[in-house]
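Subject: Structure handover

Hello,

Please find the structure below. My notes on it come after.

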Amino acid sequence: MPFPIGHTAIGLATFETAQSPSARGSRLAPVLFITLLANLPDLDVLAGLILQGNGAVFHRGPTHSLLFALVAGYAASHLWRLWHRIPRFGFGLCSLLVFSHVLADMFLTSAPVSLLWPLEIYWTPGQNTWGQVVDMVLYQSYQDAGIAIAAVLYVLAVRMVRAALKGHSLNIFARKSIE
Ligand SMILES: [Zn+2]
């Protein structure tokens, strides 16, 4: 697919790339917020299940598009106004986190997304019942292990490069101040 674990791992890797390192603070709220944004497009499965008892009926439609990523990203970037515990991420970062989901679905699966909705639209064919969706999320998520491992390695690499660059610029600064 990828499953929620894979999308969350990709979202965390996206965040690590896009954030300024100084933005690091308490960990739990940002991780929960990133998890929500990186999985937001798949709420179309929940909507299909609730409204028609079929998780496939709206799947990969409008929520899997660039436009949705921009609109949802804009809304998410203002959510902190409602409750102080919600992290204050910018519009670009929020949109990027939602869009990371669309890109992951597009490149890591064979079924298309509705990237340019409303200019194009795609719906997942077939039937997905509550039981099938719960079964997939609970028992097939292990298939995302490769994505999760790749994301962890990527985040470690980004941090190492940043640390190396930081040390390098500090050295230059130190040399300048000695001169
Ligand atoms: Zn999806």
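What follows is a short account of the findings, with each term explained where it comes up.

This is a predicted model, in which local features need pLDDT of at least 70 and side-chain atom pairs count only at pLDDT 80 or more, while totals for chains, interfaces and linings use all residues. Residues are numbered from 1 along each chain as its sequence is written, and side-chain values use heavy atoms, with hydrogens and water left out.

Overall layout

The protein chain has seven helices and zero strands, giving the pattern α-α-α-α-α-α-α along the sequence. Helices (H or I, at least four residues) and strands (E, at least two) are DSSP runs, numbered from the N terminus. The chain has 179 residues, of which 36% count as buried. Buried means under 20% relative accessible area, exposed means over 50%, and partly exposed is in between (1.4 Å probe, protein chains only). The accessible surface of the protein chain is about 10700 Å², and carbon and sulfur atoms make up 72% of that. Accessible areas come from the Shrake-Rupley method with a 1.4 Å probe; for residues, only the protein chains shown count as cover. Among contacts in the chain with a separation of 6 or more, 73% are between residues 24 or more positions apart. A contact means heavy atoms within 4.5 Å.

The zinc site

Which residues are the protein donors of the zinc ion? They are D42 (OD), H64 (NE2), H101 (NE2) and D105 (OD), at 2.0 to 2.2 Å from the ion. Donors are N, O and S atoms within 2.8 Å of the metal (3.2 Å for Na, K and Ca); water is not among the atoms, so sites may look incomplete. Along the chain, the spacing of the zinc donors is D-x21-H-x36-H-x3-D. D42 sits in the loop between α2 (28-39) and α3 (43-52), and H101 sits in helix α5 (residues 91-108), so this pair ties together parts that are 59 residues apart in sequence. Both D42 and H101 are buried.

The arrangement of the four donor atoms is irregular because they subtend angles of 90 to 172° around the zinc ion. For four donors, tetrahedral requires all angles between 85 and 135 degrees; four count as square planar and six as octahedral if opposite donors are over 155 degrees apart and all others between 65 and 115; anything else is irregular.

The nonpolar core and S77

A nonpolar core is a set of buried Ala, Val, Leu, Ile, Met, Phe, Trp, Tyr and Cys residues joined through side-chain atoms within 4.5 Å. The largest one holds 17 residues, and those touching the most other members are F15, F33, L37, F89, C94, L97 and V98. Helices α2, α4 and α5 each supply at least two residues of this core, and α5 gives the most, with six. Leaving aside neighbours within four places in sequence, F89 is in contact with F15, P30, F33, I34, S77, C94 and L97.

S77 lies in the loop between α4 (66-76) and α5. Is S77 buried or exposed? Its relative accessibility is 7%, so S77 counts as buried. Not counting residues up to four places away in sequence, S77 touches F89, G90, F91 and C94. The side chain of S77 also reaches the backbone oxygen of Y74 at 2.7 Å. This is a polar contact, meaning a pair of N or O atoms within 3.5 Å; within protein, one must be able to donate a hydrogen and the other to accept it, and residues adjacent in sequence count only if both atoms are side-chain atoms.

Two backbone details

Most residues other than glycine have a negative phi, and most peptide bonds are trans. R60 is not a glycine, yet R60 has a positive phi of about 65°. R60 is in the loop between α3 and α4 and is buried, with a relative accessible area of 6%. The peptide bond from W117 to P118 is cis, with omega near 10°, and P118 lies in the loop between α5 and α6 (130-139).

Contacts across the sequence

P4 is in helix α1 (residues 4-18) and is partly exposed, at 31% relative accessible area. Leaving aside neighbours within four places in sequence, P4 is in contact with N39, V137 and D144. W130, in helix α6, is partly exposed at 45%. With the same neighbours left aside, within four places in sequence, W130 is in contact with L46, L49 and I50.

Regards
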